[in-house]
Amino acid sequence: MLSIEHGAVVVPRSNRKRLGVGFALIGLLMLPVTSLQAAENTITLQTAIQRTLVKNPSLKVFDFRQQALKGELATAELRPAYELDFGAENFAGSGDFNGFDQAELTISLSSALELGGKRDARVEVVNRGFSRFEAQRQADALDLSGEVTRRFIDVLAAQQRVALAEKADQLAKDALVAVKTRAKAGASPDAEVKRAEAAAAQAHLTVSAEKKQLSYLNVALGTLWGETRPDFNRAEGDLYRFSKDVAFETLYERVELNPAIQVFAAEERLKETELRLAKTQSRSDVNWSVGLRRFQETDDTAVVAGFSVPLFSGRRNSGAVRSATAARDVISVQREAALLTMRAQLYRAYSNRQQAIHTVDDLRKNIVPALEQALEGTQQAYERGRYSYIDYVSARQELLSARRTLIDAAAAALRYGADIEQLTAEPLTVEQYSFTNFQGAKQ
C-alpha cells in the first residue's frame, strides 16, 4: 500500500522489497500535492515519476533481459544429452572382406554422468543472475526517478523565474511612468526617458526568453516518458519547502541499502557461485555407452559397453578456478571503492544543501524584505526629486538580483536533497516513513 503524507509518496517498510525502488524511494518530499488528481494542464512529481517508470524505454529492456535469463535457466537445468551412435566395421574391403558378409554393425546409446554437483551449480549461477538482474533494475529505476526529480525542480525554478521576469517587467513599466512624469515637469532630461524605455523593452524581452526556457524544460521533462508535446504547462509544487535535516552519519548508514551497492552485493554472490561452478569442473565426468553389435558372418549379436574418464581434470581446471577467484575478489574491492565515492558525494550534497537552505532563509527573512523597503523608499524619493535615476535603477536591480538568487538557492537545495535521497534510496526525514491515507491514496 502506498500513501501520501506531506506531499510525499511513502512506502511502508514491509513493502519496500516487494515494490522495489519505484517512485516511492525518491521524490521531492517538500513539494505538496493538493489533490491526487492534478488540475487541468498541471503535473505533480508523483505523476511524472509514475509515467516515467512505466513508459521510459531504458526500463523496458529489462523485460527482454528477464526472458534471456529464463532461457539460460532452462538450459542450465538440462541433464547431459543422450547420443545414438551407429558404426560399421570390416566391409567394402578386399578378399573375404569384400561386401558386407564379414561386416560388424554396432548401434549404441551414450551419455555422461555428471559428478561434483555441476548441474546444481549451473542452476545456482543463473538464480544468482536473477538476483543481480533485480538489483540492477532497481538501481536503474532509482537513477531514472532521480533524473525526473531534478528536471521537475528545474521546471519549478523556471516557473518562478518567469514570475520574477514578469514582476521585473512591471517594475520597469512603473519606472518608465515615473521618469516620464518627471520629464514632463522638467525635472528629468530626455535621456533618462530613453534609458527607461530601453530598460522596459529589455525587461519585456527577458519575459519572452524565460517563457521559452520554461517551455523547453517542460518538453525535457515530458521526454522522460516519451512525450514530445507535453500535456501540461505547469508543475505543481512549492520551491521553498524543505524537509528537516538528518544527521550525516545516519544518512551514510543508509547508503549501503542503495540499489547501486546492492548490485555489487548481488554480483559478488554471483561470482562466488561461479567459483563453485568452476571448482565442480575439477571433478571428471564419467562418459558411458551401451549397445548391440551384430556379426553378419555368423548372424550373431552381442552387447557392447564401455566408459571413459578424463585424466588430470583438476590440474587442467586450476587456471579457471584462479580466474574465478580473482573475479570474485575484484567485485569486493569495487564495492568498497563505490562506498567511498558515494560517501564523498553524500557529504558534498549534505553540506551544499545546508548552505543553500541557510541562503534561502537569510534572503527570505532579511535581505529581500530590506531591499523591498529600500526600493519603495527610493522610488518615493526619486518621484520627489531627492534621489537620482541611477539610485532608483540600482535599488530595483538589487532587489531583482536578490530574488533571482533566492530562486537559484531554493532550486539548489531541492536538487541536493534529491541527490541525498537517491544516494540513500530513502526519504530524508524519518517522520515521513509513517503513513496515512490522503484522499484515497491507497494503491
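**View 1. Tyr 347, a partly exposed residue with a relative accessibility of 49%.** Welcome to this predicted model, which we enter through its aromatic side chains. The whole structure holds five aromatic pairs. In one of them, the ring centres of Phe 248 and Tyr 347 are 5.3 Å apart and the planes meet at 85°, so this pair counts as edge-to-face. Phe 248 belongs to helix H6 and Tyr 347 to helix H9, so the two rings connect distant parts of the chain, 99 residues apart. Is Phe 248 buried or exposed? Phe 248 is buried, because its relative accessible area is 10% and the cut-off for buried is under 20%. Tyr 347, at 49%, falls in the partly exposed class, because exposed would require over 50%. Look for Tyr 350 as well: ring pairs join Phe 248, Tyr 347 and Tyr 350 in a cluster.

**View 2. A salt bridge between Arg 343 and Glu 249.** Here the closest N and O atoms of the two residues are 3.1 Å apart. This pair, too, brings together distant parts of the chain: Arg 343 sits in helix H9 (residues 318–383) and Glu 249 in helix H6 (residues 248–255), 94 residues apart. Both partners are partly exposed, Arg 343 with a relative accessible area of 29% and Glu 249 with 44%. Helices H6 and H9 are thus linked by this salt bridge as well as by the ring pair of Phe 248 and Tyr 347.

**View 3. Helix H4, a run of 67 residues.** H4 covers residues 118–184. How far does H4 reach from its first C-alpha to its last? The span is 98 Å, close to the 99 Å expected at 1.5 Å a residue. Just beyond H4 comes Gly 186, with a positive phi of about 80°.

**View 4. Glu 134 and Arg 137, a salt bridge within helix H4.** The closest N and O atoms of this pair are 2.6 Å apart. Glu 134 and Arg 137 are three residues apart in H4, about one turn of the helix. Why does such a spacing suit a pair? An α-helix has 3.6 residues a turn, so residues three or four places apart point the same way. Side chains of opposite charge can then pair when their charged atoms come close. Both residues are partly exposed: the relative accessible area is 30% for Glu 134 and 25% for Arg 137.

**View 5. Arg 161 and Asp 408 meet through their side chains.** Their salt bridge has an N to O distance of 2.7 Å. The two residues come from distant parts of the chain, 247 residues apart, with Arg 161 in helix H4 and Asp 408 in helix H10 (residues 389–424). Arg 161 is partly exposed at 22% relative accessible area, and Asp 408 is partly exposed at 35%. Another group to find is the salt-bridge network of Glu 147, Arg 150, Arg 151 and Asp 419. Across the whole structure, the search finds 14 salt bridges.

**View 6. Strand S7 pairs with both S5 and S8.** S7 spans residues 286–295 and S8 spans residues 300–308; the two run antiparallel and are joined by nine bridges. Strand S5 (residues 104–113) is also antiparallel to S7, with 10 bridges between them. To trace a path across the strands, begin at Ala 112, whose bridge partner in S7 is Asn 287. Asn 287 in turn has Ser 308 as its bridge partner in S8.

**View 7. The hairpin of S7 and S8.** Four residues lie between the two strands. Which residue of the turn has a positive phi? Asp 299 does, with a value of about 60°. Arg 294 stands opposite Thr 301 of S8.

**View 8. Stepping back to the whole protein.** The secondary structure amounts to 10 helices and eight strands. Of the 443 residues, 41% are buried. Among contacts with a separation of 6 or more, 79% are between residues 24 or more positions apart. The protein exposes about 23900 Å², and 52% of this comes from carbon and sulfur atoms.

Technical notes
Residues are numbered from 1 along each chain as its sequence is written. This is a predicted model: local features need pLDDT of at least 70, side-chain atom pairs count only at pLDDT 80 or more; totals for chains, interfaces and linings use all residues. Side-chain values use heavy atoms; hydrogens and water are left out. Two strands pair if DSSP finds at least two bridges between them. Buried means under 20% relative accessible area, exposed over 50%, partly exposed in between (1.4 Å probe, protein chains only). Contact means heavy atoms within 4.5 Å. Accessible areas come from the Shrake-Rupley method with a 1.4 Å probe; for residues, only the protein chains shown count as cover. The expected span of a helix is 1.5 Å times one less than its number of residues. A salt bridge is a side-chain nitrogen of Lys or Arg within 4 Å of a carboxyl oxygen of Asp or Glu. Rings of Phe, Tyr and Trp (its six-membered ring) pair if their centres lie within 6.5 Å; planes under 30 degrees apart count as stacked, over 60 as edge-to-face and the rest as tilted.
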